[in-house]
Amino acid sequence: FLNYDQQDLLRTVLNSNDESLLSLTALLNNSTWVDAKPRAIEDVTSNNVLYVGTTTRFHLNRSCVPRLVKYRAHHIAGPSLIRSSVSDSAALDDKERLKRVMRPNPSGVCLLSSARIDGTLCAITVSSVRVSDSHPEMFSFNLSSTSRFRPALGLKGSLVAIHFLQRDDVVLAYHFTTRTDFMRTELHLRPECDESACAEGWPPVFAKQKSITARLQTVTDLGDQLVFACSALKVHEEQNAEEVGALIYHNQNYEEVGVYKELRVGT
């Protein structure tokens, strides 16, 4: 996990050759890193493999410099790590220290929505949606195996809507962290999401939201967690919508991605 002041390391990797890679060991010793062993490997499509790992060891860099993150097509400075998160890290047990390794990594906040067989509409706020860089039509996310939203997802071939929340959606994000079921009259849905469409398995899609309807390709059961891989079927986006900051989850809080400075790497 690179910090924003380690941009030279990123450039080294992107423009690597055998000689330049010899210096990586010293640079990586100053980084936060996690070693993981395979827990599951799923062939999602002919071009995509889903790798799920379990942490075996890790190192927390006690620097409070912002993490280097990718937002859309840009490399930007993420939120800074709170000093109290690292100052006493040596005295903590491994489980708590691992949480502090991962919390500084901001992740996009999304809303998943689907419809149960009986027609009940469901949604849940998640911060685990990942997009494949090489195949942007492929997504993955994970849920607790005891999640109340799990019965609405079904198995391979089922449909789910993924909404990418923005800064004005904080209330909506908090709303679906404590509940899943909702009535059609509670929230504004897109016109095509009528009762007949949901009865045929199509998920409810919220109006005025950037969202994607996707089909589940694989469901990997890890015991306490379920990992879902899916492929996009349809993109929903309002015409002439105002571009606002994305909503992210960072250090156990919802925050907005503010004004960022693009980092140009490579040539």
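Student: Why is Arg179 called partly exposed?

Tutor: Arg179 has a relative accessibility of 27%, and the class between buried (under 20% relative accessible area) and exposed (over 50%) is partly exposed, with a 1.4 Å probe and protein chains only. The value falls between the two cut-offs, so Arg179 is partly exposed. Before we go on, this is a predicted model: local features need pLDDT of at least 70, side-chain atom pairs count only at pLDDT 80 or more, and totals for chains, interfaces and linings use all residues. Residues are numbered from 1 along each chain as its sequence is written, and side-chain values use heavy atoms, with hydrogens and water left out.

Student: What makes Arg179 and Glu186 a salt bridge?

Tutor: Their side chains meet at 3.3 Å, N to O. A salt bridge is a side-chain nitrogen of Lys or Arg within 4 Å of a carboxyl oxygen of Asp or Glu, so the pair qualifies. Glu186, at 37% relative accessibility, is partly exposed.

Student: How many salt bridges does the whole structure hold?

Tutor: The search finds 4. One of them joins Asp224 and Arg39 at 3.5 Å, N to O. That pair links distant parts of the chain: Asp224 sits in the loop between β12 and β13 (225–236), Arg39 in strand β1 (residues 33–45), and 185 residues separate them. Asp224 is partly exposed at 45% relative accessibility, and Arg39 is partly exposed at 43%. Another salt bridge joins Asp168 and Arg167, with the closest N and O atoms 3.9 Å apart.

Student: How do you know that Asp168 is exposed?

Tutor: Its relative accessible area is 60%, so Asp168 passes the cut-off for exposed. Arg167, at 36%, counts as partly exposed.

Student: Then what about Arg150, which has no salt bridge?

Tutor: Arg150 is buried, and the nearest side chain of opposite charge, Asp221, is 7.7 Å away. Lys and Arg count as positive and Asp and Glu as negative, while His and the chain ends are not counted. A distance of 7.7 Å does not meet the salt-bridge cut-off, so the two do not qualify. Arg150 lies in helix α6 (residues 150–153); helices are DSSP runs of H or I with at least four residues, strands are runs of E with at least two, and both are numbered from the N terminus. Leaving aside neighbours within four places in sequence, Arg150 is in contact (heavy atoms within 4.5 Å) with Leu155, Val219, Leu226 and Phe228.

Student: Why is Cys198 called buried?

Tutor: Cys198 has 4% relative accessibility, so the value falls under the buried cut-off. Cys198 lies in helix α8 (residues 195–199) and touches Ala115, Leu121, Arg184, Cys193 and Pro204, not counting residues up to four places away in sequence. Its C-alpha atom is 8.3 Å from that of Ser114, 84 residues apart along the chain.

Student: What makes the buried residues of α5 line one face of the helix?

Tutor: Helix α5 (residues 94–102) has Arg97, Arg100 and Val101 as its buried residues. Seen down the axis, they fall within an arc of 110 degrees, so they line one face; the arc is that of the directions from the helix axis to the C-beta atoms.

Student: Why is the Phe176 and Phe182 pair called edge-to-face?

Tutor: The search finds 7 aromatic pairs in the structure. In this one, the ring centres are 5.7 Å apart and the planes are at 75 degrees, so the pair is edge-to-face. Rings of Phe, Tyr and Trp (its six-membered ring) pair if their centres lie within 6.5 Å; planes under 30 degrees apart count as stacked, over 60 as edge-to-face and the rest as tilted. Both Phe176 and Phe182 are buried. Elsewhere, Tyr174, Tyr249 and Tyr254 form one aromatic cluster.

Student: What makes β8 and β11 edge strands?

Tutor: 8 strands form an open antiparallel sheet in the order β8-β9-β13-β12-β10-β6-β7-β11. The edge strands are β8 (130–131) and β11 (181–182), as each pairs on one side only. Two strands pair if DSSP finds at least two bridges between them; strand β7 (residues 121–126) and β11 have 2 bridges, so they pair. One bridge joins Leu121 to Phe182 in β11.

Student: Which strands pair with β10?

Tutor: β10 pairs with β6 (residues 110–115) over 4 antiparallel bridges, and 6 antiparallel bridges join β10 to β12 (residues 210–221). Ser113 has Ala161 in β10 as its bridge partner, while Leu159 stands opposite Arg215 in β12. Strand β10 (residues 159–164) is mostly covered, with 5 of its 6 residues buried.
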